[in-house]
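The following note is offered to a colleague reviewing the model shown below. The points are numbered so that each may be checked against the coordinates in turn.

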Amino acid sequence: MSEAAAGALRPDLYDYDFQNDPIATLNRLRAEDPVHWSRHGVWYLTRYEDCATVLKDPSRFSSMAAGWGGENPLARRGGAGAQSADEQGISRNLAVSFNQMDPPDHTRIRALVVRAFSRRSIEDRRDRIQAVIDERLDAAAAKGAFDLVTDFAFHVPIIVASEIIGIPPGDREAFRGAFEKTAALMAPKRSEESWAEAVEAGRFVGRYMRDLIAERRVAPTDDLVSTLIAEEDEKGSLDGPELSSALSTIYTAAGTTTERFISSGLFLLLSHPDQWRALVADRGLVAGAIEEILRFHHPTQSTSTNRRCTVDVEMGGKTLKAGDTVRMGLGAANRDPAVFPDPDRFDIHRKPAQPALAFGAGPHFCIGSALARFEARLAIETIADRWPDLRLVTTAPVKDPRRHDRYREIIVAVS
Ligand code: HEM
């Protein structure tokens with residue numbers, strides 16, 4: 001039993017038991033202590049209205065350096081001064097990107113990047129995304145029973161993101177592998193060994209991005225790297241490190257989130273057979289199903305998005321001090337009964353009065369929302385066409401202890 005369930009209500013937000021099954025704890029926090037001073041030295045919010053207020057107000061809640069809050073792993077190593085210049089450069093490249101900036105820098109960089117992810121640009125990629133889905137499903141189906149996570153959902157978003165950015169096929173495995181290791185640079189719980197591995201992987205990622213940008217400067221193509229370089233040259237608006245870290249952010253943000261979205265979404269649909277059958281019979285239900293999946297199982301369910309208070313703020317009877325870090329439990333906000341009646345019921349027919357906060361809100365609203373929804377839609381529709389009777393073998397998936405919020409496996413059988 002988790003600590004919160006036993007009565008203490010001081011959950012360790014990084015504990016595996018909590019991450020594996022966070023809903024009961026999050027529901028209790030929302031009911032009993034919605035503006036919670038956590039054991040990690042950050043405020044943790046679980047109500048929809050409080051989260052929306054913070055997301056939409058960048059003047060009182062800054063994104064600048066809000067990434068780790070009170071638990072900045074770099075600070076715990078003895079402050080930024082304890083890092084080598086090399087380590088500082090690596091963490092800057094990977095962690096300090098436009099998503100952790102405020103206006104005007106955030107506005108300037110976001111305006112350049114966002115165009116590549118408009119609904120129109122994504123629709124233009126339909127054939128290619130469909131081809132990636134078909135290839136992965138053909139390979140998976142050859143096995144008879146396959147894993148929705150590692151045989152399918154893992155690959156689709158990362159291939160699509162690599163194609164958009166311009167990472168050549170031959171480099172993708174090494175790049176992905178290195179990126180997975182860099183996660184330890186930002187993880188609050190990690191060993192010295194994984195830190196050393198992450199620093200080495202960070203060097204590789206930094207070098208790789210610099211080389212790719214240098215290559216595209218000489219020989220541009222139609223990929224995102226070349227587009228952003230052209231904008232840099234024309235408007236002088238993106239410098240080299242900004243370009244490199246923006247690309248790294250997009251790569252990270254696009255991969256694991258969408259993997260979890262597709263795999264947990266298919267699990268939810270297949271484990272509610274009445275709703276799956278209704279969707280197979282009526283594709284008009286897919287759009288609502290996608291929104292319900294995002295609401296019901298937020299891809300970063302257990303922890304979430306951070307801001308830093310610029311002034312003292314009163315919220316939920318507490319005083320949040322200037323400089324304090326505020327963390328929004330978006331998965332918890334999306335189960336708030338004040339906004340979503342009967343929130344713990346999965347229902348693809350739901351017509352919510354307000355949108356779930358799955359992609360955030362306000363100036364940092366996810367730039368990849370159209371892409372993620374489109375990939376999930378094609379994945380669900382393709383599987384419904386191919387295997388209307390797809391059967392779940394795994395009935396109670398668990399999270400992978402090494403990879404925050406990712407399911408370890410969800411085995412399905414095609415006959
Ligand atoms: C289901 C999948 C996804 C979920 C749940 C998700 C969620 C989010 C959330 C909650 C934010 C806001 C963070 C904040 O306010 O601090 C965000 C921002 C962002 N997302 Fe996504 N995301 C997903 C997919 C993607 C994809 C496919 C991309 C690829 C382009 C992407 C790129 C970004 C970027 C670059 C930002 C930062 C935007 C900014 O700061 O202006 N995301 N995402």
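How do the residues of the shell around the ligand divide into nonpolar, polar and charged?

1. The model is predicted, and the remarks below should be read accordingly. The shell around the ligand divides into 15 nonpolar, eight polar and two charged residues. In total, 25 residues surround the ligand, and the closest are His106, Arg110, Arg307, His364 and Cys366.

2. Three side chains approach oxygen atoms of the ligand with an N or O atom. For His106 the distance to a ligand oxygen is 2.6 Å, and for His364 it is 2.6 Å. For Arg110 the corresponding distance is 2.7 Å. The elements that contribute two or more residues to the shell are α6 (105-114), α14 (240-270) and β5 (305-309). Helix α14 supplies the largest share, namely six residues.

3. Helix α14 also packs against α10 (residues 155-165), with the two axes 8 Å apart and at an angle of about 160°. An angle over 145 degrees counts as roughly antiparallel, and α10 is therefore roughly antiparallel to α14. The crossing of α10 past α14 is right-handed. On the α10 side, the contact involves Pro157, Ile158, Ala161, Ser162 and Ile165. On the α14 side, the participants are Leu247, Ile250, Tyr251, Ala254, Gly255, Thr258 and Glu259. By class, this contact of α10 with α14 comprises eight nonpolar residues, three polar and one charged.

4. A further partner of α14 is α11: their axes come within 12 Å and cross at roughly 85°. Since angles of 65 to 115 degrees count as roughly perpendicular, α11 is described as roughly perpendicular to α14. Phe175, Arg176 and Phe179 of α11 meet Ser248, Tyr251, Thr252, Thr256 and Glu259 of α14. The contact of α11 with α14 has three nonpolar, three polar and two charged residues. Tyr251 and Glu259 of α14 are listed in the contact with α10 and again in the contact with α11.

5. Helix α11 (residues 172-182) packs in addition against α12 (residues 192-218), where the axes come within 8 Å and cross at roughly 135°. The two helices are therefore oblique to each other. In this case α11 passes α12 in a left-handed crossing. From α11, the residues in contact are Ala174, Phe175, Ala178, Phe179, Lys181 and Thr182. From α12, they are Glu197, Ala198, Ala201, Gly202, Phe204, Val205, Tyr208 and Met209. The classes in the contact of α11 with α12 are 10 nonpolar, two polar and two charged. Phe175 and Phe179 of α11 take part in the contact with α12 and also in the contact with α14.

6. Two features of the backbone may be noted for inspection. The peptide bond joining Pro103 and Pro104 is cis, with omega about 5°. Pro104 is located in the loop between α5 (85-95) and α6, and α6 is one of the elements that give two or more residues to the ligand shell. Asp342, although not a glycine, has a positive phi of about 50°. Asp342 is placed in the loop between α17 (330-333) and α18 (369-386).

Technical notes. Residues are numbered from 1 along each chain as its sequence is written. This is a predicted model: local features need pLDDT of at least 70, side-chain atom pairs count only at pLDDT 80 or more; totals for chains, interfaces and linings use all residues. Side-chain values use heavy atoms; hydrogens and water are left out. A residue is near a molecule or strand if one of its heavy atoms lies within 4 Å of it. A polar contact is a pair of N or O atoms within 3.5 Å; within protein, one must be able to donate a hydrogen and the other to accept it, and residues adjacent in sequence count only if both atoms are side-chain atoms. Helices (H or I, at least four residues) and strands (E, at least two) are DSSP runs, numbered from the N terminus. Ala, Val, Leu, Ile, Met, Phe, Trp, Tyr, Cys and Pro count as nonpolar, Asp, Glu, Lys and Arg as charged, and the others, Gly among them, as polar. Axes are lines fitted to C-alpha atoms, for helices over the stretch in contact, and angles run from 0 to 180 degrees between N-to-C directions. Angles under 35 degrees count as roughly parallel, over 145 as roughly antiparallel, 65 to 115 as roughly perpendicular and the rest as oblique. A crossing is left-handed if the near helix is turned anticlockwise from the far one by less than a right angle, and right-handed if clockwise. Contact means heavy atoms within 4.5 Å.
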